[in-house]
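Student: I would like a close look at one part of this model. Please take it slowly and stay with the structure.

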Amino acid sequence: MSSEQTPAAPAAADTAGPRPRRLTYAAVLVALEGVCLLAGGIWMAVLAVTGAPDDRQQAVTGGVTLVVLALLPLIAARGLLARRSWSRGPAVITQLLALPVAYNLLQADSVAIPAGIALAVVAVAALVLLVNAETTRALGIRGPGSAGT
């Protein structure tokens, strides 16, 4: 590996020191979404097994799917707390996927509207925290065009 390909030492210096509060807040919001997905998946699977759903297999599959989907934000939140640069991608993807879900919840004529509002607020807040310059520096992510500096 030539000296031009070797990562610069200042990136390591940026990730030293205490974790910025914005990064911690982002990790907490992402973890909150993961916990809610996990709880919803378990609740859906339990109701599928103990209740009388129209299609038991579909209900169990939906519950298992939510539990598996909960792993993405939970792993990303753990990575954010550990200041791993790879963790921002899955965290941002989770927020981008949450926005259409929030929109659909807001279109419902039911008690889902407050859930849609809450999800939209959490997703937008987490996105703002994740793209913040302080968070980016703490994760050691350099912007485009700064690879040689």
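Student: What should the 26 residues of α3 span at 1.5 Å a residue, and how far apart are its end C-alpha atoms? Please look closely at α3 and place it among the other elements.

Tutor: Keep in mind that the model is predicted. Start with length. At 1.5 Å a residue, α3 should span 38 Å, and its end C-alpha atoms are 38 Å apart, so the two values agree. The helix α2 can be checked in the same way. It has 30 residues and reaches 43 Å from first C-alpha to last, close to the expected 44 Å.

Now the setting. The protein has six helices and zero strands. From the N terminus on, its elements run α-α-α-α-α-α. Of its 149 residues, 28% count as buried. Take the contacts with a separation of 6 or more: residues 24 or more positions apart account for 69% of them.

Next, the buried side of the account. In α3 the buried residues are A59, G63, A70, P73, A76, A77, G79 and L80. Their cover includes α2, α4 and α5. An α-helix has 3.6 residues a turn, so residues three or four places apart point the same way. In α2 the buried residues include L23, A26, L29, V30 and E33. What covers the buried residues of α2 includes α3, α4, α5 and α6, the last at 133-138. Thus α3 is listed in the cover of α2, and α2 in the cover of α3.

Look at the loops on either side of α3. P53 sits in the loop between α2 and α3. P53 counts as partly exposed because its relative accessibility is 28%, and the partly exposed class lies between 20% and 50%. Leaving aside neighbours within four places in sequence, P53 is in contact with L47, A48 and A59. Of these, A48 is among the buried residues of α2, and A59 is among those of α3.

R83 lies in the loop between α3 and α4. R83 counts as buried because its relative accessibility is 14%, under the 20% cut-off. R83 also has a positive phi of about 60°, although it is not a glycine.

Then the core. In soluble globular proteins, nonpolar side chains tend to be buried together. Here the largest nonpolar core has 17 residues, and L23, L29, V30, L80, A91 and L130 touch the most other members. The elements that give this core two or more residues are α2, α3, α4 and α5. L80 is also in the list of buried residues of α3. L130 shows how one core member reaches along the chain. Beyond neighbours within four places in sequence, L130 is in contact with A26, L80, R88, A91, V92, Q95, T135 and T136.

Last, the open space. Rolling a probe the size of a water molecule over the atoms shows where empty space is left. The largest pocket has a volume of about 610 Å³. Its lining has 20 residues, and E33, L37, A98, V101 and L119 are the closest to its centre. The elements that give two or more residues to this lining are α2 (21-50), α3 (56-81), α4 (88-106) and α5 (112-131). α2 gives the most, with seven residues. By type, the lining divides into 17 nonpolar, two polar and one charged. So much for the pocket; α3 gives two or more residues both to its lining and to the largest nonpolar core.

Terms used
Residues are numbered from 1 along each chain as its sequence is written. This is a predicted model: local features need pLDDT of at least 70, side-chain atom pairs count only at pLDDT 80 or more; totals for chains, interfaces and linings use all residues. Side-chain values use heavy atoms; hydrogens and water are left out. On a 1 Å grid over the protein atoms alone, a cavity is a set of points where a 1.4 Å probe fits but cannot get out, and a pocket is an open set with protein on both sides within 12 Å along at least five of seven lines; lining residues have an atom within 4 Å of a point. Grid points are joined across faces, edges and corners, and a volume is the space filled by probe spheres set on the points. Helices (H or I, at least four residues) and strands (E, at least two) are DSSP runs, numbered from the N terminus. Ala, Val, Leu, Ile, Met, Phe, Trp, Tyr, Cys and Pro count as nonpolar, Asp, Glu, Lys and Arg as charged, and the others, Gly among them, as polar. A nonpolar core is a set of buried Ala, Val, Leu, Ile, Met, Phe, Trp, Tyr and Cys residues joined through side-chain atoms within 4.5 Å. Buried means under 20% relative accessible area, exposed over 50%, partly exposed in between (1.4 Å probe, protein chains only). Contact means heavy atoms within 4.5 Å. The expected span of a helix is 1.5 Å times one less than its number of residues.
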